Amino acid sequence: MMSRSQQLFERAQQYIPGGVNSPVRAFRSVGGTPRFFAVGTGARVTDADGRSYLDYVGSWGPLILGHAHPAVIAAVQQAAANGLSFGAPTESEVEMAELLCSLLPSLEMVRLVSSGTEATMSAIRLARGFTGRDLLIKFEGCYHGHSDSLLVKAGSGLLTLGNPSSGGVPADVARHTLVLDYNDSGQLEAAFAEHGAAIAAVIVEAVAGNMNLIAPRSGFLQTMRELCSRHGAVLIFDEVMTGFRVGPRGAQGLYDMTPDLTTLGKVIGGGMPVGAFGGRREIMASIAPLGPVYQAGTLSGNPVAVAAGLATLKLLQADGFYDALAQGARSLTEGLVAVARKHGVPFSAQSIGGMFGLYFRAQCPQTYAEVMESDQPAFRRFFHAMLDTGHYFAPSAFEAGFVSAAHSTADIAATVAAADAVFSNW
């Protein structure tokens with residue numbers, strides 16, 4: 001007999017390309033049938049068949065408080081009762097802008113949008129408009145949304161311009177993007193030596209989370225900051241995933257960095273679609289209606305979504321919140337490494353704040369090439385074995401995972417115990 005998730009997936013494939021509205025949900029990289037979820041409460045989700053799972057995806061990061069936190073739900077309900085959308089200014093969006101600027105010192109002005117993709121797309125347009133330059137630097141393995149300039153892979157050799165990594169991206173657009181190796185300061189220096197006067201911006205995930213979790217090497221971000229300042233390029237930190245996830249001031253606070261522009265999403269929506277980009281006042285003044293760089297959105301600053309984000313951000317300010325979150329992630333990764341080692345399984349893991357990475361290789365990777373060396377069949381085996389025991393990890397070897405404040409010590413111990421049993425039969 002087919003499960004309810006299987007039935008829903010078959011129906012979905014008739015009307016939705018691949019049966020999903022975002023590709024990784026299709027389970028193509030791990031095989032099998034994606035779980036269709038019906039309910040989320042705290043650290044758990046329940047699928048359409050009534051099976052409960054400890055959730056380490058958390059809607060890909062925003063549910064830092066866990067699913068359906070009572071204060072967030074109450075804020076959403078109150079805002080919805082006053083109207084779902086106005087397409088006009090509201091007091092709550094002013095409060096959100098003030099709060100974001102107070103929490104991140106690099107933000108002098110901020111513009112709200114509806115998604116992380118929209119935030120990064122707009123930040124790049126703004127950087128190009130502000131500098132009057134076209135060339136963008138990004139890094140292999142870093143994902144910044146699905147706008148044309150960013151769906152670009154590395155060229156055939158060092159310092160060659162990028163090639164489209166998606167159908168529908170014109171080669172003429174891709175040629176304005178230079179793709180370098182993450183964590184390679186030497187490549188950055190060479191790129192600026194050759195193209196410095198043409199570089200509008202460098203965009204980076206200060207902590208990479210879209211090729212699994214990769215931490216920046218010592219000096220990498222500092223070299224980037226110095227080169228951008230020297231050559232008049234705009235440094236954009238993509239903190240859509242890391243913002244308020246790895247610490248109270250995001251990755252820029254963790255590494256004591258000041259980008260020119262920052263993009264945000266995930267946590268600032270508290271489970272609803274909100275994004276933002278902001279930074280230096282002189283750059284932000286180039287955005288319409290103050291300046292010539294156009295950006296608009298009917299649902300930008302939507303009052304219901306902003307209510308969820310405000311409620312979330314305020315709760316994150318509690319004393320000890322981030323210490324407890326980071327301890328939960330450390331307990332998970334250290335526990336998994338210990339049981340893998342006990343059974344002789346080549347495995348490593350690390351965490352930064354509430355984010356973590358799992359790798360089927362002896363040491364944690366530092367580059368995209370090292371990530372690609374991980375044992376992907378082993379990950380698929382682990383993923384399905386853990387799913388069968390009621391633990392939901394990201395259905396891809398190339399995605400970071402997330403611990404929430406709702407994950408208890410007992411929850412994490414149960415996950416480690418389940419992994420111990422899985423590895424004992426490896």
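**View 1. The hairpin of strand 13 and strand 14 in this predicted model.** Two residues lie between the strands of this hairpin. Glycine 353 takes a positive phi there, near 60°. Strand 13 covers residues 348–352, and strand 14 covers residues 355–359. Their pairing is antiparallel and runs over five bridges.

**View 2. Residue partners across strand 13 and strand 14.** Alanine 349 has leucine 358 of strand 14 as its bridge partner. Glutamine 350 faces glycine 357, also in strand 14. Strand 13 is mostly covered, with four of its five residues buried.

**View 3. The open sheet of three strands.** The strand order is 13-14-16. Pairing is antiparallel. Strand 13 sits at one edge, and strand 16 (401–402) is the other edge strand. Each of these two pairs on one side only.

**View 4. Helix 11 against the sheet strands.** Helix 11 spans residues 321–342 and lies across both strand 13 and strand 14. The helix runs at about 175° to strand 13.

**View 5. Arginine 128, a buried charge without a salt bridge.** This arginine belongs to helix 4, residues 116–131. Arginine 128 is buried. The nearest side chain of opposite charge is aspartate 134, 5.3 Å away. A salt bridge needs a side-chain nitrogen of Lys or Arg within 4 Å of a carboxyl oxygen of Asp or Glu. Leaving aside neighbours within four places in sequence, arginine 128 is in contact with Arg133, Asp134 and Leu136, and also with Ser149, His176, Thr177 and Ala200.

Methods. Residues numbered from 1 in each chain as written. Predicted model: local features only at pLDDT ≥ 70, side-chain atom pairs only at ≥ 80, totals over all residues. Heavy atoms only, no water. Pairing = 2+ DSSP bridges. Contact = heavy atoms within 4.5 Å. Axes fitted to C-alpha atoms, helices over the stretch in contact; angles between N-to-C directions. Buried < 20%, exposed > 50% of the residue type's maximum accessible area, 1.4 Å probe, protein only. Lys, Arg positive; Asp, Glu negative; His and termini not counted.
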